[in-house]
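Biologist: I should be grateful for a close look at a single part of this model, a helix together with the residues that flank it. Please set that part in the context of the rest of the chain.

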Amino acid sequence: MPSLRIGGFTPFTTTDYPGLLAAVVFCQGCPWRCTYCHNPHLLPVEGPESHVWPDLLRFLESRRGLLDAVVFSGGEPTLQGALADAMRAVKALGFRIGLHSAGMYPDRLARVLPLVDWIGLDIKAPRAAYPRITGVPAAGAAVFDSLRLILGAGVDYELRCTWHPDLLSAADLASLGDELQALGADRLVLQECRPTGRASAIPPGWHDDDGVTKLAGRFRHFTLRPG
Ligand code: SF4
């Protein structure tokens, strides 16, 4: 079995696993091409590796007692068959396991979910709007299957939607609220879309957008997160 391919590493963060001090392992490779992606260098599966997994594992061993958790992010971590073994090795060091995923591989997610203590799942849009954002036809169905798995497993989670009025209209946000509530999700973070070469800056005052305000009122835990 090949080792996990790593495209980047953050040795210390207070923002990537709620309430815990964590390191973040950025896994190489993602099948989607979202218009606002901030990690284009992580998209090619065979892109250059920033770290070799055995070396990184040794570094994490030296962080025992200093960090609480290790978050696997990307790219899309579940793309890699080596993810489960990497998680087991990190868990054996005593760290909590975090996972950032866009949820496009529910079967692979199901295999690693028992190892995960907290997951941040990207919910990019209501089902019908997924192709517009990801460039992939029917991309949303798999994501909502992943969400069902997460809710059924009872694992601690956060749903994160990156928002820009050019991406998701008030009607899209209303549909998103309907679809998430129908599954029983009660935690949503709406995060400001940061400008990239293909996405413009979000207009000031976005927190007061009517669609955003209505969406906020539908969730027990709702957070607006600046980009
Ligand atoms: S799923 Fe995430 S990593 Fe993949 S293209 Fe979209 S934003 Fe980038």
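Modeller: A residue is exposed if 12 or fewer other C-beta atoms lie within 10 Å of its own, and buried if 20 or more do. The model is predicted, and the part chosen here is helix 5, residues 139-153.

The approach to the helix comes through the loop between helix 4 and helix 5, where Ala138 is placed. Because Ala138 has 10 other C-beta atoms within 10 Å, Ala138 is exposed. Its phi is near 55°, a positive value in a residue other than glycine.

Helix 5 itself has 15 residues. From the first C-alpha to the last, helix 5 reaches 22 Å, close to the 21 Å expected at 1.5 Å a residue. Its buried residues are Ala139, Gly140, Val143, Ser146, Leu147 and Ile150. These buried residues lie on the same side of helix 5, because they cover an arc of only 115° around the axis. An α-helix has 3.6 residues a turn, so residues three or four places apart point the same way. On the face turned away from the buried side, helix 5 carries the exposed residues Ala141 and Gly152.

The cover over the buried residues of helix 5 includes helix 3 (106-112), strand 6 (118-122) and helix 4 (130-134). It also includes strand 7 (156-163) and helix 6 (170-183). After helix 5 comes Gly154, with a positive phi near 75°.

Turning to the rest of the chain, the largest nonpolar core has 57 residues, and among those with the most contacts inside it are Ala22, Val25 and Ile97. Strand 2 (residues 22-27) gives the largest share of this core, six residues. Leaving aside neighbours within four places in sequence, Val25 is in contact with Ile6, Phe9, Leu56, Val70, Phe72 and Ser73.

The loop between strand 4 and helix 2 holds Gly75, and the peptide bond from Gly74 to Gly75 is cis, with omega near 10°. Both Gly74 and Gly75 are among the residues that surround the ligand, as are Cys30, Trp32 and Arg33. The shell around the ligand divides into six nonpolar, three polar and two charged residues.

Ala82 is also found in the loop between strand 4 (69-73) and helix 2 (83-92). Ala82 counts as partly exposed because it has 15 C-beta neighbours inside 10 Å. The C-alpha atoms of Ala82 and Met1 are separated by 6.9 Å, although the two are 81 residues apart along the chain.

Methods: Residues are numbered from 1 along each chain as its sequence is written. This is a predicted model: local features need pLDDT of at least 70, side-chain atom pairs count only at pLDDT 80 or more; totals for chains, interfaces and linings use all residues. A residue is near a molecule or strand if its C-beta atom, placed from the backbone, lies within 6 Å of it. Ala, Val, Leu, Ile, Met, Phe, Trp, Tyr, Cys and Pro count as nonpolar, Asp, Glu, Lys and Arg as charged, and the others, Gly among them, as polar. A nonpolar core is a set of buried Ala, Val, Leu, Ile, Met, Phe, Trp, Tyr and Cys residues joined through C-beta atoms within 7 Å. Helices (H or I, at least four residues) and strands (E, at least two) are DSSP runs, numbered from the N terminus. Two residues are in contact if their C-beta atoms, placed from the backbone, lie within 7 Å. The expected span of a helix is 1.5 Å times one less than its number of residues. The arc is that of the directions from the helix axis to the C-beta atoms.
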